[in-house]
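Trainee: I'm new to this structure and would like a close look at just one part of it. Could you walk me through that part once we have it in front of us?

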Amino acid sequence: MHVLVTGGLGHIGSQLIRDLAASNTVRQVTVYDDLSTQRYGALFNLPPTVAYRFVDGNILDAASLAAALAGVDAVVHLAAITNAEGSFEISAQVQRVNHEGTACVVAGCVAQGVRQLIFPSTTSVYGPVQGIAREDCPPADLQPQSPYAAAKLAAEHAVLAADGTGVLRTVCLRFGTIFGPSAGMRFHTAVNKFVFQAATGQPLTVWREVEQLVRPYLALQDAVRAILFMLARPAAGGEIYNVVTLNAPLARILDAIRSHVPALQVEYTNTRLLNQVSFTVDDSKLRALGFVPSGNLEQGVADTLQLLRGLLAAGPVAP
Ligand SMILES: NC(=O)c1ccc[n+]([C@@H]2O[C@H](COP(=O)([O-])OP(=O)(O)OC[C@H]3O[C@@H](n4cnc5c(N)ncnc54)[C@H](O)[C@@H]3O)[C@@H](O)[C@H]2O)c1
């Protein structure tokens, strides 16, 4: 199988392109990324067991995409502008890349006879849900709280509408917030950002009422395993699946960090920050297919802090 990964240099993609090499069925991996986030290091030391090809391309460039998609069996579409908090400032650009760019990828897949398209979306398409968020929730529960999440929801529609067009089958995976390190790691999102701030001696700024609010999180390895799981099920098209390792209050993340950084400083603010709503995401639909998450929040925090241990060992720098 030849798999093309858009955004393959990013946090999730950099691990996925490595783990694809361990699959018996994959013989070639094309990494399609416009280098907008400059994660060249994600291409270092790739395993020698499959053929890799890197294409410096933008998902909005139909001609470049068409050329890259020729002969591809399956696409994992990860390319996006992913900083939800920053998306308010650049909402038109986010809409263009995350929604129109996805429509370009869908059109390219149909035109080039790709058989499978897996689209990682986000659990932030859910709004302040009453109770538990499920894939078949009423439309009122789908209330994206940022331009980023709104564009992902619109992109989901484009992906699902194409299921069954020609030979193409499409699946959307709604990922919780990713934690855990990878070669192309980024630190915009909750757990990773707090870990980095803790390791660099910065105080964590937390909205006072948010500590006990529950949100969905996803270990990086579970995200990659869920993609591989769907790649092995090419007939599972036209569906949305929530993918979460755990639903947890922010207090649990702070405790996990504090167990390694006892001097952790938390500054409480009364200013309401972005997207601070409490909800639990149900992943029983994916579990019913046989997928069992195996990640662990405390381990993900420990693994990230381990990479940053040189900073922790140094302690605070004297003024
Ligand atoms: N990380 C999370 O917490 C999380 C949670 C839910 C869903 N997701 C989704 O998973 C996907 C991957 O997330 P990530 O954390 O790996 O993101 P990331 O920001 O680390 O990586 C995105 C990659 O896409 C590339 N890219 C951006 N715009 C592009 C364009 N126009 N053309 C080609 N390449 C482009 C970037 O250079 C980057 O390498 C995204 O679609 C994101 O919305 C991520």
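Trainee: Which strands does helix H6 lie across, and at about what angle does it run to E10?

Mentor: Happy to help, and please keep in mind that this is a predicted model. Helix H6, residues 220-231, lies across E8 and E10, and its direction is at about 70° to E10.

Let's look at the sheet under discussion. E8, E10 and E12 form an open sheet of 3 strands, in the order E8-E10-E12, with mixed pairing. Strand E8 (177-179) and strand E12 (246-249) are at the edges with a single partner strand each, so one side of each has no neighbour in the sheet. From one strand to the next, the twist averages 50°. Strand E10, residues 214-219, runs antiparallel to E12, and 4 bridges join the two. Within E12, Pro249 is the residue opposite Val214.

Now back to the helix, this time for its place in the interior. The largest nonpolar core has 36 residues, and Leu173, Phe175, Ile227 and Met230 are those with the most contacts inside it. Among the elements giving two or more residues to this core are strand E7 (169-175), H6 and strand E11 (239-243). The largest share, 8 residues, comes from H6. In soluble globular proteins, nonpolar side chains tend to be buried together.

Leu173 is a good residue to click on: it touches Ala226, Ile227 and Met230, and its other contacts include Phe119, Tyr241 and Val243. There is also a second, separate core of 29 residues, with Leu65, Val72, Ile81 and Ala151 among them.

How values were computed: Residues numbered from 1 in each chain as written. Predicted model: local features only at pLDDT ≥ 70, side-chain atom pairs only at ≥ 80, totals over all residues. Heavy atoms only, no water. Pairing = 2+ DSSP bridges. Axes fitted to C-alpha atoms, helices over the stretch in contact; angles between N-to-C directions. Contact = heavy atoms within 4.5 Å. Core = buried A, V, L, I, M, F, W, Y, C linked by side-chain atoms within 4.5 Å. Buried < 20%, exposed > 50% of the residue type's maximum accessible area, 1.4 Å probe, protein only. Lists of a residue's contacts leave out its neighbours within four places in sequence.
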